[in-house]
Amino acid sequence: KEAIEGENPFTTEQLAAAPNCSGGYWIVVHAARFPGDNKLLAFELTTKGLNPKYVESNSYPSPFPLLSIYGFKYGSFGQMEFSPNNKMMAITASEYFYTEMKHPHPCRGKCELHSFDPSTGTFHVLVDSLPAMYGVAFSPDSKLLYTSTCIDLDGSPIPSRIIQHDV
């Protein structure tokens, strides 16, 4: 069964949930309704179900998933994670291109760190250029953020590693 009846907004694979202040949850996705869409969409989940009216916040511009440009297939991939204290959210964005739908070739990746207001479902960008390729996780005390990377911000390959960031 579809969670939202009718037309669902087109989104990337990033999805996470966080408690709100009224006993429900926020279900958050990154929009990909058109090339360059730069919105996080927060849907409120209550005992009555998922509210189809969403709250929009700014984020990184996403390429249209699997958009075909000059024979290449582009897409945005990554993870989204809320901090244990529910005050922050990190999202990674890795852009790949596919040649004839064979193996993906990484182009670049980054991580954005957002503040989060659980009473309204809104986000504000705190940092928009942490190096990351795909993975993201917070420490249990929400003071550290970990990202995994194998591509530098300029798109050049680097050895795979986990990076620790003070938040």
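Here is a short chat about the fold and the aromatic pairs of a predicted model.

Trainee: How many helices and strands are there in the protein chain?
Mentor: Run along the elements from the N terminus and you get β at each step. That fits the count for the protein chain, which is zero helices and 13 strands.

Trainee: Okay, and what share of the residues counts as buried?
Mentor: Buried here means under 20% relative accessible area. The protein chain has 167 residues, and the share of them that passes is 41%.

Trainee: On to the rings: how do Phe 82 and Phe 116 pair, stacked or edge-to-face?
Mentor: By the ring rule, there are four aromatic pairs. Phe 82 and Phe 116 make one with centres 4.9 Å apart and 65 degrees between the planes. Planes over 60 degrees apart get their own label, so this pair is edge-to-face.

Trainee: Which parts of the chain does that pair tie together?
Mentor: Both Phe 82 and Phe 116 are buried. Phe 82 sits in residues 80-82 and Phe 116 in residues 104-117, so the pair ties together parts 34 residues apart in sequence: strand 7 and strand 9.

Trainee: What about Phe 82 and Phe 123, how is that pair classed?
Mentor: The centres are 6.0 Å apart, with the planes at 40 degrees. That angle is neither under 30 nor over 60, so the pair is tilted.

Trainee: And which strand holds Phe 123?
Mentor: Phe 123 is buried, as is Phe 82, and the two join Phe 116 in one aromatic cluster. The Phe 82 and Phe 123 pair links distant parts of the chain, 41 residues apart, with Phe 82 in strand 7 and Phe 123 in strand 10.

How values were computed. Residues are numbered from 1 along each chain as its sequence is written. This is a predicted model: local features need pLDDT of at least 70, side-chain atom pairs count only at pLDDT 80 or more; totals for chains, interfaces and linings use all residues. Side-chain values use heavy atoms; hydrogens and water are left out. Rings of Phe, Tyr and Trp (its six-membered ring) pair if their centres lie within 6.5 Å; planes under 30 degrees apart count as stacked, over 60 as edge-to-face and the rest as tilted. Helices (H or I, at least four residues) and strands (E, at least two) are DSSP runs, numbered from the N terminus. Buried means under 20% relative accessible area, exposed over 50%, partly exposed in between (1.4 Å probe, protein chains only).
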